[in-house]
Structure formats: structure tokens, C-alpha cells
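Let us walk through some charged side chains, a surface patch and a pair of backbone angles. Please keep the sequence and the structure open as you read.

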Amino acid sequence: QVQLVESGGGSVQAGGSLRLSCVASGYTYRRYCMGWFRQAPGKEREGVAVIRETGFITYSSYTDPVKGRFTISRDSAKNTLYLYLQMISLKPEDTAMYFCAAGPLVGDCVGSDWANSWGQGTQVTVSS
């Protein structure tokens, strides 16, 4: 069973940076979707960035509000995947609980139905 553990959240001032990390243990998929989601108080969960790994080519995509500011990346070791989210120029509206998700490759990794494993989340708070 895959276990996802996020880290790297914290409190920063607007314009600051954070790097989130997610360790996916027990991950054996060669083709997969992995991504970051966030949920702010009183709002629905939204996708932030996703990696689609086809086994030949890796694609990444971002929600419009974070394009140019956030960068998703991944690394791998035996049965373990590492997912990162580098966030710069943070804004107060980026404040949310950030979750890592993973699942086998499904289409273009759109939405969240592909995710069958979720982390517990890491809080990001950006003050103005």
C-alpha cells in the first residue's frame, strides 16, 4: 500500500518561498499521475499542479493562478517516489492545506478521480 507523507509547509510573508516535499513509499507504478492539491478554509479542494508520467515522457501542468510561480518536480528510488512543489512569489491567496496525491496513470491526469492515495497535508500560510 502506498503511503504519502508531505512536509515543508510553514508560514511566510507575501513574496516569500517554500518548497513542499512528498514521499510516496511502496510505489511501484511505472506510469502514474502525481500531484498537489490545496484546500483553503471554506473552499473546495483544487488541483495545483500535476505530473503525468507515461514511462517515456513526463508532462506537468498547473492551475492558472500558480503558473510562473510554482514548479512541480519528482524523483525516484526503488519503490519510492519523491514529489516536490517549489513555490515562489507566494501570495496570501495561496494560503491553504496542501495535499500530495498519487495514482496509476489515467488519461491526462485531469481532476482528482485518478488519485487513490492521499497524504495528510501540510499547511501553508502566507501573510500580507
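A residue counts as exposed when its relative accessible area is over 50%, as buried when that value is under 20%, and as partly exposed in between. Aspartate 64, at 58% relative accessibility, therefore counts as exposed. Please bear in mind that this is a predicted model.

**Salt bridges**

The structure holds six salt bridges. Three of them are set out here, with the separation of the N and O atoms.

| Acidic residue | Basic residue | N to O distance |
|---|---|---|
| Aspartate 64 | Lysine 67 | 2.9 Å |
| Aspartate 94 | Arginine 69 | 2.7 Å |
| Aspartate 108 | Arginine 52 | 3.7 Å |

Let us begin with aspartate 64, already met above as an exposed residue. Its partner in the salt bridge is lysine 67, and lysine 67 is partly exposed because its relative accessibility is 48%.

Next comes the salt bridge between aspartate 94 and arginine 69. Aspartate 94 belongs to the loop between β8 (80–87) and β9, while arginine 69 belongs to the loop between β6 and β7 (70–77), so this pair ties together parts 25 residues apart in sequence. Both aspartate 94 and arginine 69 are buried. The two are also members of a network of salt bridges that links Arg38, Glu46, Arg69 and Asp94.

The side chains of aspartate 108 and arginine 52 meet in a salt bridge too. Here distant parts of the chain are linked, 56 residues apart: aspartate 108 sits in the loop between β9 (96–104) and β10 (117–118), and arginine 52 in strand β5 (residues 46–53). Are the two partners buried or exposed? Aspartate 108 counts as exposed, because its relative accessibility is 52%. Arginine 52 is buried, because its relative accessible area is 19%.

**A buried glutamate**

Glutamate 6 is part of strand β1 (residues 3–7). This residue is buried but has no salt bridge. How far away is the nearest side chain of opposite charge? That side chain belongs to arginine 45, and the distance is 9.9 Å.

What, then, lies around the side chain of glutamate 6? The backbone nitrogen of glutamine 120 is 3.0 Å from one of its polar atoms, and the backbone nitrogen of glycine 121 is 2.9 Å from a polar atom of the glutamate 6 side chain. Leaving aside residues up to four places away in sequence, glutamate 6 also touches other residues, among them Ser21, Cys22, Trp36, Tyr98, Phe99 and Cys100.

**A nonpolar patch**

On the surface, Phe56, Ile57 and Tyr59 form a nonpolar patch, and together they have about 360 Å² of accessible area. Tyrosine 59 lies in strand β6 (residues 58–62). With a relative accessible area of 38%, tyrosine 59 is partly exposed.

**Positive phi angles**

Most residues other than glycine have a negative phi. Serine 89 is not a glycine, yet its phi is positive, at about 50°. This serine 89 is found in the loop between β8 and β9, and it is partly exposed because its relative accessible area is 38%.

Cysteine 109, again a residue other than glycine, has a positive phi near 60°. Its place is the loop between β9 and β10. Is cysteine 109 buried or exposed? Cysteine 109 is buried, because its relative accessible area is 3%.

Definitions and conventions: Residues numbered from 1 in each chain as written. Predicted model: local features only at pLDDT ≥ 70, side-chain atom pairs only at ≥ 80, totals over all residues. Heavy atoms only, no water. Helix = DSSP H or I, 4+ residues; strand = E, 2+ residues; numbered from the N terminus. Buried < 20%, exposed > 50% of the residue type's maximum accessible area, 1.4 Å probe, protein only. Lys, Arg positive; Asp, Glu negative; His and termini not counted. Salt bridge = Lys/Arg side-chain N within 4 Å of Asp/Glu carboxyl O. Polar contact = N/O pair within 3.5 Å; in protein donor to acceptor, adjacent residues only side chain to side chain. Contact = heavy atoms within 4.5 Å. Patch = residues over 30% accessible without salt bridge, like charges linked within 9 Å, V, L, I, M, F, W, Y side chains within 5 Å. Areas by Shrake-Rupley, 256 points an atom, 1.4 Å probe, with all protein chains shown as cover.
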